[in-house]
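This report is meant for a reader who is meeting the structure for the first time. Please keep the sequence and the model in view while reading.

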Amino acid sequence: LDSLDVEVVDNVLTIGVRNTEEMGGCHWVIISDFELEILENGKAIHNKLSLQDSKGISGGKTTLKVDLNNEDTLAGVQFDVLLPAGMSFSLDGSGKPKFTKSSRLNGMTVMVSLLVDGKARVLAYGIGETVKGNSGNIISLEVNISDELANGDYEVQVLNTVLNEPSALELKPCNVSGKVTLVEAEIGDANKDGSVNVTDIISVANYILGDTSGSFDSFAADMNGDGSVNVTDII
């Protein structure tokens, strides 16, 4: 068979095969990888969010990047992000989670709020504007990592997703998750985000100039191992 027809009863989807004939000494049932197609108002929903896996170190920060793949033109996006215990959203001066929107949301109003249960709610909508393109990142959220967390994988969940077409038709994709992997600190990873790149150079330069507002690991920043952090470590 190329397809299976199933029925959902009380929000439970059951998939199985029952043979009606004897097939010798063995009975084989094989269901390979399949895609669950959701129908709403007779329309297939091929729109979904995904969360890129990221890494960091205990006591540092990481960036959660949320992607959107969409066949349809979308004028509204809403979803919640739930962090594991020991992680929290970085907040701006007004107490809102810090975020960076991608160019896919240009022209749209984007807001991120912290809910009473600790989740962050992301809301993006456009009046005469829609999400640009059909794939890729739409928003990034900055996350603080407790220094008490051990190395390993931690699950982050994206919940309660609602997507809106310009006609106001609501599409509700399934919940998704991603992971944050905590690793050992690496020499050069001055800003403690789990990677060594140009942002570490900027972090060291800011530290030398007296800016200590962000996450900073002076041991990791001491590239030449002379016991002090200065311009020679940047070089």
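How many bridges join β14 to β15, and do they run parallel or antiparallel? Two bridges join these strands, which run antiparallel, and the model in which they are seen is a predicted one.

## Overall make-up

The protein has 235 residues, of which 33% count as buried. Its secondary structure comes to three helices and 16 strands. Among the contacts between residues at least 6 apart in sequence, 66% join residues that are at least 24 apart.

The accessible surface of the protein comes to about 14,200 Å², and carbon and sulfur atoms account for 50% of that area.

## Strand β14 and its partners

Strand β14 covers residues 152-164, and pairings with several other strands can be followed from it. With β8 the pairing is antiparallel and extends over six bridges, Gln-78 having Val-162 of β14 as its bridge partner. With β16 the pairing is also antiparallel, here over seven bridges, and Glu-155 stands opposite Lys-179 in β16.

The pairing with β15 takes the form of a hairpin, with five residues between the two strands. Asn-164 has Glu-170 as its bridge partner in β15. Ala-168, in the turn of this hairpin, has a positive phi of about 80°, a positive value in a residue other than glycine. Ala-168 is exposed, because its relative accessible area of 55% is over the 50% cut-off. Within β14 itself, Asn-160 has a positive phi of about 55° although this residue is not a glycine; at 43% relative accessibility, Asn-160 counts as partly exposed.

## Salt bridges

The structure holds six salt bridges. In one of them the side chains of Arg-121 and Asp-80 meet, with a distance of 2.7 Å from N to O. This pair links distant parts of the chain, since Arg-121 belongs to strand β12 (residues 120-125) and Asp-80 to strand β8 (residues 76-82), 41 residues apart. The two partners can also be described by their accessibility: Arg-121 is partly exposed, with a relative accessible area of 32%, whereas Asp-80, at 0% relative accessibility, counts as buried.

Another salt bridge is formed by the side chains of Lys-179 and Asp-153, at 3.8 Å from N to O. Lys-179 lies in strand β16 (residues 176-182) and Asp-153 in strand β14, so the pair ties together parts that are 26 residues apart in sequence. Lys-179 counts as partly exposed, at 35% relative accessibility. A further salt bridge joins Lys-172 to Glu-170, whose closest N and O atoms are 3.7 Å apart. Lys-172 is partly exposed at 47% relative accessibility, and Glu-170 is partly exposed as well, at 37%.

## Strand β5, side by side with β7

In strand β5 (residues 48-51) the side chains alternate between two faces. Leu-49 and Leu-51 point to one face and are buried, while Lys-48 and Ser-50 point to the other and are not. Four bridges join β5 to strand β7 (residues 61-69), and the two strands run antiparallel. Within this pairing, Leu-49 stands opposite Leu-68 in β7.

## The buried side of helix α1

Which residues of helix α1 are buried? Asp-200, Ser-203 and Val-204 are the buried residues of this helix, which spans residues 198-208. They cover an arc of only 95° around the axis, which puts them on the same side of α1. An α-helix has 3.6 residues a turn, so residues three or four places apart point the same way.

The buried residues of α1 pack against α2 (218-221) and α3 (231-234). After α1 comes Gly-210, whose phi is positive, near 100°.

## A nonpolar patch on the surface

Some nonpolar residues are found on the surface: Val-6, Val-8, Leu-13 and Ile-15 form a patch there, with about 300 Å² of accessible area together. One of its members, Leu-13, is found in strand β2 (residues 12-13). Leu-13 counts as partly exposed, because its relative accessibility is 35%.

Terms used
Residues are numbered from 1 along each chain as its sequence is written. This is a predicted model: local features need pLDDT of at least 70, side-chain atom pairs count only at pLDDT 80 or more; totals for chains, interfaces and linings use all residues. Side-chain values use heavy atoms; hydrogens and water are left out. Patches are made of residues with over 30% relative accessible area and no salt bridge: like charges are joined within 9 Å, nonpolar side chains (Val, Leu, Ile, Met, Phe, Trp, Tyr) within 5 Å. Accessible areas come from the Shrake-Rupley method with a 1.4 Å probe; for residues, only the protein chains shown count as cover. A salt bridge is a side-chain nitrogen of Lys or Arg within 4 Å of a carboxyl oxygen of Asp or Glu. Buried means under 20% relative accessible area, exposed over 50%, partly exposed in between (1.4 Å probe, protein chains only). The arc is that of the directions from the helix axis to the C-beta atoms. Contact means heavy atoms within 4.5 Å. Two strands pair if DSSP finds at least two bridges between them.
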